Amino acid sequence: MPILMLRRRQELGGSGRPVRSAFHGTPRGCESRSEQLERNELHMEVSLSRHPIPYQLPLGSDGYERIVADGTIASKQLLVFLSHDVYDFIRAQSREYAPQEIGGVLLGQYCIDNDTKFVIVPTAVACDLGSATPVSIQFPPEFWQQVEEVHTSEFPGLLRIGPYHSHPGYGVNPSGTDHATILGAFSKPHHISLIYDPHADQIGYTCWDDGALKPPSGCFVYEHREPEDLVKQLMDARPD
Ligand SMILES: [Zn+2]
């Protein structure tokens, strides 16, 4: 699956590489009505608790060419299966922009097989619109608007599984800022926050268990024989 890279044209420098803008979001008092609506929609979207849909666990399932674990997989918590396209993209983008942080949003499905709950993440929307520094990244309202457009038009049925971002040289634990921002916005049982450190070449995600944030775990990376079919299956699995 292609990873969608959203960028503002005016941010493209002569090299074709996006130039970091000084965009810090619109002050609340100056919000337009559409921005307020959009903020409310985002709030509604991520504050919804979703039920997991019955779906076969990728491990041992036909259709998957290869599944490898990156890092130590924590037991007794939500498992994460990341497509190798998303995985490769996050690693490449993190390295290209280091020491700046990069980030985006993962789209996928929340599933259950017997008692095992897991998410499959076949695609992502990358953010090139925010202001990134070596220690933080912000997702501006216009990014969420574009995520909404892409999500509704191309991936109906999938869920926003959570944000990903890079930590160039400071590990896969969420920072204090992460706690105050993205972790608070994505705190339902189907939500994860994925962090990649390009220096250590380490990936880890945190998830929630009864309102408590679990320590970072490694994830599974899969290659599927028919990735487009998989996405269609995952979208059709949640018709609401
Ligand atoms: Zn962070």
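This report describes a zinc site, a strand, a helix and two nonpolar cores in a predicted model.

Residues are numbered from 1 along each chain as its sequence is written, and side-chain values use heavy atoms, without hydrogens and water. Because the model is predicted, local features need pLDDT of at least 70 and side-chain atom pairs count only at pLDDT 80 or more, while totals for chains, interfaces and linings use all residues.

**The zinc site**

The zinc ion has protein donors from His 165 (NE2), His 167 (NE2) and Asp 178 (two entries, both OD), at 2.0 to 2.5 Å from the ion. Donors are N, O and S atoms within 2.8 Å of the metal (3.2 Å for Na, K and Ca); water is not among the atoms, so sites may look incomplete. The angles among the 4 donor atoms run from 56 to 156 degrees, and the site is irregular. Four donors count as tetrahedral if all angles lie between 85 and 135 degrees; four count as square planar and six as octahedral if opposite donors are over 155 degrees apart and all others between 65 and 115; anything else is irregular.

The spacing of the donor residues in sequence is H-x1-H-x10-D. His 165 belongs to strand S9 (residues 159-166) and Asp 178 to helix H4 (residues 176-180), so the pair ties together parts 13 residues apart in sequence. Helices (H or I, at least four residues) and strands (E, at least two) are DSSP runs, numbered from the N terminus.

His 165 counts as buried at 1% relative accessibility, and Asp 178 counts as buried at 8%. Buried means under 20% relative accessible area, exposed over 50%, partly exposed in between (1.4 Å probe, protein chains only).

**Strand S9 and its partners**

In S9, 8 of the 8 residues are buried, so the strand is largely enclosed by the rest of the structure. Two strands pair if DSSP finds at least two bridges between them.

| Partner of S9 | Sense | Bridges |
|---|---|---|
| S5 (residues 103-113) | antiparallel | 6 bridges |
| S10 (residues 192-197) | parallel | 3 bridges |

Leu 106 stands opposite Gly 162 in S9, and Tyr 164 stands opposite Leu 194 in S10.

**Helix H2**

The buried residues of H2 (residues 84-97) include Val 86, Ile 90 and Tyr 97. Seen down the helix axis, the buried residues of H2 fall within an arc of 170 degrees (taken from the directions from the axis to the C-beta atoms), so they line one face of the helix.

**Nonpolar cores**

A nonpolar core is a set of buried Ala, Val, Leu, Ile, Met, Phe, Trp, Tyr and Cys residues joined through side-chain atoms within 4.5 Å. The largest has 30 residues, and Phe 81, Phe 118, Ile 120 and Phe 143 have the most contacts inside it. Another core, of 25 residues, lies apart from it and includes Leu 78 and Ala 126.

How values were computed
Expected span 1.5 Å × (residues − 1).
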